[in-house]
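Colleague: Could you take me through one part of this model closely? I would like to hear how its helices and strands fit together.

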Amino acid sequence: MFKNLRTSTKLFILCSMFIILVGVTTYGLVAEKQIAITFARKELVGNQYLTVLRGVYAAILTRRPRDEPAAQQSESADRILKALSRAESDLGGLLQTAELERALAATLRELWSSKVEDENTDTLILDALAKARNLALRIGDDSNLTLDPDLDTYYLQNIVVVMLPTFLDQIGEMQALVRAAAAAGMTAGEDRVRLLVLDGLLRSTADGIRSNLEAGYRGQADGSLKQALHRVYATMNETTDSYLARMRTSVADGASDGLDASAFASGYASVVGNAIDAWSTAQTELDRLLRQRISGLRGKLFYSLMLIGVLGSLSILVAVMTHRHIVRPLERLEGIARTVRETKNYNLRIDHHNNDEIGRLAVAFNGMLSELAAAREREMSEHSEAARVSRLTTMGAMTASIAHEINQPLAAIVANGNAGLRWLANASPDLDEVCASLKRIVSDGHRASQVIGSIRAMFKKDSQERADVSLNDLVHEVTALVQAEIQSRRVTLKTELLQELPPVVADRVQLRQVFLNLMVNAIEAMGSVTHRARLLRVKSEIHEPDGVLITVQDSGIGIGPTEMERIFDAFFTTKSDGMGMGLAICRSIIEAHGGRLWASPGTPHGSVFYFVLPSGRVSGK
Ligand SMILES: Nc1ncnc2c1ncn2[C@@H]1O[C@H](COP(=O)(O)OP(=O)(O)OP(=O)(O)O)[C@@H](O)[C@H]1O
Ligand SMILES: [Mg+2]
């Protein structure tokens, strides 16, 4: 089906498919980049939420209710709680954190309420820290941070979402333990063990942060991450190390006397402060890297779209050029070919001058049209020449035929005229004979006129006057006409006519001429025969299945095999006074009547002429 479509339709389909392909590809590209951008944006949201949570950690770990005046205390607690609740509501349900946030807020309210007893404070702190840590983990999970696909940001988010909250949780627990031990005035064996376990955990967490940082640095080519984070994390590690070293020394030294909590307070404060600073810096870097990724993705999307746009425009340009330089010329070529075929106007030309295949095709087509125009002109001039020659030939043939056919009536007129004169020249003129001669002259004159009319009709191809003709009657009629010849040449005429011979539909005058020519030829052929009888036989019979056969046989000189082939040609004669038209006229008359005329040598002498005509009657009779 495709192969039968117009070239312009094929081009249109091709372009449509190309546009659809480009559209689908572009859509895929935009969708892919959009997904990556949305992914990174969600991470940013998570990071912002963690900023608020960082403030909560700072407040839990560094501020104790009794340290500040009541009014200031509640104002700062309100501020933090509001910030937390705003951060949650700003999400609009984007993350599944509402429940955890409410639980944390409730614990914080309880922690910061003025009625809280001192001994419960540490328990509430640890509870709040645990809840804050759960919230941090949920934020990390739901905001895609834990699924981050890049090396640097992956390790950075791990520090921000998991490691630092864990670290702060552990340091908070350790400080609570220290405070509890100090308050009890002794360090129980169980507390010592817990302190040492916590020490180990904190060290392990700090190591984890370090190794995550190293991995993050490795994943970041320009080194900006290391530059931004190295110092603050080094400080955090230093203060942590000295805090833990001091704690270990104190546990070892004052195992029986308990711990002095105030001696640890400043170390603890700087560890927490530095960890919070480190967290903040890490978040700032994470934010920076995520924004950098988003703008990189946007840039790539923009360049890809620009490239697709440019390529698409170029392709459309190529399609337009193809239509202009291939499809349109082809259509013009087809249009001209169709017009030439319909109008036969070979003077049309295609106006296309490119040097491509179509241009060469146009040149070839124009050349072909020129040749056709020249051939047509030649043909027309040849045709008019042929028509002229044909007209002349027809006129010549008609003249020759008329001349041939009226020869006999003219001769008869002259003979009858002479006979009449002779009767008048007698001493006592026989007026009856004279009258008879004159009647025959008139009859011959009419016959001559009929012959001329019939021949003219034959050449003009007019619808000739056809009627039912009895060939036996015609034989009698012609016999009467050649009676004088028969007698003067001493020819014996023998007729064998079938009585029930069916009629033929024919021009009577023309058929009479056929009989006359054949019988005159036969009589003439026997003119020189002296040593045998001069016999003319005319026979009529039925020719199966539906024709009539006439045979004219003589005992004349016969026809040689070489002449036999030519006797029916016009102007072929072996007689000094012959025109050579008789048999040619006969054949054309018989063939015009749907019949056949031929000759064969006679046995033992002479020749035989045959003609067959279809029998029948004029329809309607
Ligand atoms: N019965 C016949 N026997 C022998 N030869 C014949 C006979 N009829 C025709 N021919 C040959 O055929 C030739 C052509 O005959 P056709 O009647 O066409 O012309 P023609 O008799 O020579 O001249 P004309 O035009 O005066 O009739 C004759 O010249 C003669 O040689
Ligand atoms: Mg003749």
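Modeller: Gladly; here is a walk through one helix pair and the sheet beside it.

This is a predicted model, in which local features need pLDDT of at least 70 and side-chain atom pairs count only at pLDDT 80 or more, while totals for chains, interfaces and linings use all residues. Residues are numbered from 1 along each chain as its sequence is written, and chains are lettered from A and ligands numbered from 1 in the order in which they are written.

Helix H13 (residues 508-525) packs against helix H15 (residues 582-592) at about 145 degrees, their axes 9 Å apart. Axes here are lines fitted to C-alpha atoms, for helices over the stretch in contact, and angles run from 0 to 180 degrees between N-to-C directions. Helices (H or I, at least four residues) and strands (E, at least two) are DSSP runs, numbered from the N terminus. Among the residues that meet are Val-514 and Leu-518 in H13, and Ile-585 and Ile-589 in H15; contact means that C-beta atoms, placed from the backbone, lie within 7 Å.

Now to the sheet. Five strands form an open, mixed sheet in the order S2-S4-S5-S7-S6, where pairing takes at least two DSSP bridges between two strands. Strands S2 (492-497) and S6 (596-601) stand at the edges with a single partner strand each, so one side of each has no neighbour in the sheet. On average, neighbouring strands are turned by 15 degrees against each other, direction ignored. S2 runs parallel to strand S4 (residues 535-543), joined to it by six bridges; Glu-496 has Lys-539 in S4 as its bridge partner. H15 packs on this sheet too, touching S6 and strand S7 (607-614), and its direction makes about 135 degrees with that of S6.

Technical notes. Two residues are in contact if their C-beta atoms, placed from the backbone, lie within 7 Å.
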